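Here's a quick briefing to read with the model open beside you. Take a moment to look it over, then work through the points below.

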Amino acid sequence: MIVQCPDCKKPLFEFDHGSGNYHCSNPHCNFQYLEIMTGKQYRKTVKIEDIGQKPAVSNLDKRPKRILVGLAIESTLLNMGHTIFDKVITKLREDYNANVFDCLENPQYLKRVLERNFDKNTQNVMVKSIKTMLGEFAYYESVREFLDVLNNKA
Ligand SMILES: [Zn+2]
């Protein structure tokens, strides 16, 4: 199904398949996303929970997002068992002197750790889970960029 942005007429894309949230891909457009089920439309002038954020990706924007992304990673890893959790946390520290909260700004750290230490199936399950948790936050550019790297789109 192709849904057009009501503002700029570019095709909207469903960020997370099956979520029913359609995002406008045009960064200059004021339209953010459409909830297909309710028909609710969200625009950038609409107040969202992150008071004081700027439209551009600034450090101010990234600070709460790095926690959000870190917790999504942590929660995914914990769901997959403590062996996987320990392995990823250890490798992030050994290879990059980093932790899950550094992954928003350095998505390639996580990506490389997953690629080097897990089979394709396990990687896919992890990425899908992280993507599902963060799906509704994908209208933040910094979160979207992180997910794009995990998805090989960047
Ligand atoms: Zn648009």
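Before we talk about partners, one definition: two strands count as paired if DSSP finds at least two bridges between them. With that in hand, look at β5, where Tyr42 is the bridge partner of Tyr33. Keep in mind that this is a predicted model.

**The big picture**

- You'll find 5 helices and 5 strands in the chain.
- Walk along the sequence and the order is β-β-β-β-β-α-α-α-α-α.
- The chain has 154 residues, and 42% of them are buried.
- Take the contacts with a separation of 6 or more: 46% of them link residues 24 or more positions apart.
- About 8,900 Å² of the chain is exposed, with carbon and sulfur atoms supplying 51% of that.

**The strands around β4**

- Is β4 (residues 31–35) enclosed or open? Buried means under 20% relative accessible area, and 4 of the 5 residues of β4 are buried, so this strand is largely enclosed by the rest of the structure.
- On one side of the pairing story, β3 (residues 21–24) runs antiparallel to β4, and 3 bridges join them.
- Tyr22 has Leu34 in β4 as its bridge partner.
- β3 and β4 make a hairpin, with 6 residues between them.
- β4 also pairs with β5 (residues 40–43), again in the antiparallel sense, over 4 bridges.
- That pair is a hairpin too, with 4 residues between the strands, and Gly39 in the turn has a positive phi of about 75°.

**The nonpolar cores**

- In soluble globular proteins, nonpolar side chains tend to be buried together.
- Here, the largest nonpolar core has 33 residues, and the ones touching the most other members are Ile73, Val88, Leu92, Leu110, Ile130, Leu134 and Phe146.
- At least two residues of this core come from each of α1 (59–79), α2 (82–96), α3 (107–117), α4 (120–134) and α5 (141–150).
- Which helix gives the most to this core? That's α2, with 5 residues.
- Why does this core lie between domain 1 (3–43) and domain 2 (59–150)? Because both domains give residues to it.
- Zoom in on Leu110: leaving aside neighbours within four places in sequence, it is in contact with Ile73, Val88, Leu92, Cys103, Ile130, Phe146 and Leu150.
- Apart from the largest core lies another one, of 8 residues, including Val3, Leu12, Cys24 and Leu34.
- You've met Leu34 already, as the bridge partner of Tyr22.

Key:
Residues are numbered from 1 along each chain as its sequence is written. This is a predicted model: local features need pLDDT of at least 70, side-chain atom pairs count only at pLDDT 80 or more; totals for chains, interfaces and linings use all residues. Side-chain values use heavy atoms; hydrogens and water are left out. Buried means under 20% relative accessible area, exposed over 50%, partly exposed in between (1.4 Å probe, protein chains only). Contact means heavy atoms within 4.5 Å. Accessible areas come from the Shrake-Rupley method with a 1.4 Å probe; for residues, only the protein chains shown count as cover. A nonpolar core is a set of buried Ala, Val, Leu, Ile, Met, Phe, Trp, Tyr and Cys residues joined through side-chain atoms within 4.5 Å. Domain bounds come from an automatic or database domain assignment.
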